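Let's take a walk through a protein model, looking at how pairs of helices sit against each other. Have the structure open and follow along.

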Amino acid sequence: MSIRSSSFITSDALIATLASPRVDSTLSSLNVQLWVTSSILHFTAPDSIQLAGGSIEQTIARCHLISIQTTGSSLVAMITYMQLAIQCQSIINASTETKKSNIRQIYNDHVVMLKDAPSERTFQRWHEYGCKFIILAAGGSFFLLVLIAGLEIRWKVASMRFAVLYQAAKMLRQPGTTSGTPQLITNHIIPTIAWIRSRMPICLQNIFCSLFLTSVGVGETLDCTDVLITDKVFDQFKQHNFSLPARDVGTWDICFSTLTEQRLVIDSKGISSRLSSMLCGVNNCCGGITPIDVTVIQTLYDRKHATNVHFPAKTNRRENVIWTEGERVKAEAGEVVQDIIDLRSKLNKLYVEGCRTEDRYLRIPMSILQGSGLDLRNSDNSLMAFVCPSLPEVIRRGLTSSLLACFDGKEALQMQCKQDFLDDQDSDDAPESLHFSIWNRYSTMGADAPTHIHPHEMARVDVTRTNHTQCLPYASKDILEHQQLYSNVLAAFGELFEWLEHAMKTHLPEEYEVIVELSQNLPGGECSPVAPFLSLVINLNVTTEAHRDRFDKDLCLVLPIGEFTGGALVQFEQGLVLELLLW
């Protein structure tokens, strides 16, 4: 599957997004405890809740007033749309065979005459939203709506095709039948939902149409903690589609435990009972990392030595590949370092007068670090390499599944051999890279431009067309062509990017201050999602040719993701081979 076919959000990508929140996340935008507290506090505000079951007129009026400002109001909004859809279903169920009702007929009979009546299209769209939230609640339980509200993706979900949401609901009910994302559901989503269920044991009293609930055999109060009951209710809602398969009880068993906590009974005015004892304490969301021991090794390598500045590889593409393959063989045969003491000793002998004199490599296995960091320095104390093996397990274990989900499964990451690339460089099967960048270096320069004329009214004399959008930092072509994929990646890896930035602040403070200058003062106060960097490059199964990233400012960060053996980062001038498998 080509990257180019993954420009629209998929059920796998939605699963990856839903798996990103955690109860103990240090990132406030992914912290489930914070969302639960926000929702409960919202329900306690007497003026914020208007969920009277009442007539369709009352529901229509509330739809006009829905706010999206907080997690709580977003959750109320979804319940309101679900109310509308269930009310419509109840009306249709009550109609006779001779005069069967439908959504259009409901609008004509019950809505069009209302004061401030919405247009028929708006009414149908509200009904559609309710249907979509119901199918997701049917798949991931009522408490999945808290994740959607907390992630602030309610409108994104509402705009998605129903077929995608149905597939996601099916995957949630039976994770074992999915191809690319079962671990995200079983290891992340279900435990998180179980935690929300225990901390937010909601009962909806007189919220959904009583006629509909009665037809299902449920009273006026719907206990949302009873997953089997809510499945029965939501499955009874007709979606003009295949019904969802039965829930895998074994996989969802932690959501079937008996809760002893007091129920949060929500009626038309919100929660009436005292909640002080039920408000969950929110952990510190300020971020940060656990400090680790770092071994610093000063070397005699002179990065400004003429030999080190010279680019040794061939500039012709095919000759470069051949040269690279030759060096790769030497790198694989390099001398393996036994421990940190051995590394320090061998580095002292590797460089003579500032450069590598012997045509050999040192292989540095990550096992010698034993959880500590490694900071290698050049002769002028500038950074040669820094290895940080302390990525938290809770972040690390979901990386591969999340990446696969962003690309809609493993097909997008199938290995392509190097020879295929050489045989046909124009082939769609060639290895691919994505450059999600905010370009801050290719801008049209205007140092000598007149100051009394607006830049948009000036033109360059040496070209046929002046691209005024490049007078300031601008998004790369890949961001524009693959916007949904880019959004998927940012959503799935937000906590990772936050952690990496804190790691740089902690262990490389001087280098961080230099790099972060490039990502500050972007137009409109825009923040780089991968700060302190401006670019995120995703290489899919690529074994690179010898190259220098000459436009990088001082350094770049490499993070290997995947299930693989072997693999290493080769620094030719330094003669080092850094294994990429950190765990």
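Start with helix α1 (residues 11–19) and helix α10 (residues 182–199), whose axes lie 9 Å apart and make an angle of about 30°. Keep in mind as you look that this is a predicted model. Angles under 35 degrees count as roughly parallel, and α1 and α10 are therefore roughly parallel to each other. The crossing of α1 past α10 is left-handed.

Now zoom in on the place where these two touch. From α1 come Ile-15, Ala-16, Leu-18 and Ala-19, and they meet Leu-184, Ile-185, His-188 and Ile-189 of α10. Sort the residues of this contact by type and you get seven nonpolar, one polar and no charged.

Next, hop over to helix α6 (residues 120–140) and helix α12 (residues 227–236). Their axes come within 9 Å, and they cross at roughly 145°. This crossing of α6 and α12 is left-handed. Which residues in α6 and α12 meet? On the α6 side you'll find Ile-134, Ala-137 and Ala-138, and on the α12 side Asp-231, Phe-234 and Asp-235. Here the split is four nonpolar, no polar and two charged.

Time to zoom out. The protein chain has 22 helices and 16 strands, and 48% of its 583 residues are buried. Take the contacts with a separation of 6 or more: 76% of them are between residues 24 or more positions apart. As for the outside, the chain exposes about 29100 Å², with carbon and sulfur atoms supplying 51% of that area.

Key. Residues are numbered from 1 along each chain as its sequence is written. This is a predicted model: local features need pLDDT of at least 70, side-chain atom pairs count only at pLDDT 80 or more; totals for chains, interfaces and linings use all residues. Side-chain values use heavy atoms; hydrogens and water are left out. Axes are lines fitted to C-alpha atoms, for helices over the stretch in contact, and angles run from 0 to 180 degrees between N-to-C directions. Helices (H or I, at least four residues) and strands (E, at least two) are DSSP runs, numbered from the N terminus. A crossing is left-handed if the near helix is turned anticlockwise from the far one by less than a right angle, and right-handed if clockwise. Contact means heavy atoms within 4.5 Å. Ala, Val, Leu, Ile, Met, Phe, Trp, Tyr, Cys and Pro count as nonpolar, Asp, Glu, Lys and Arg as charged, and the others, Gly among them, as polar. Buried means under 20% relative accessible area, exposed over 50%, partly exposed in between (1.4 Å probe, protein chains only). Accessible areas come from the Shrake-Rupley method with a 1.4 Å probe; for residues, only the protein chains shown count as cover. Angles under 35 degrees count as roughly parallel, over 145 as roughly antiparallel, 65 to 115 as roughly perpendicular and the rest as oblique.
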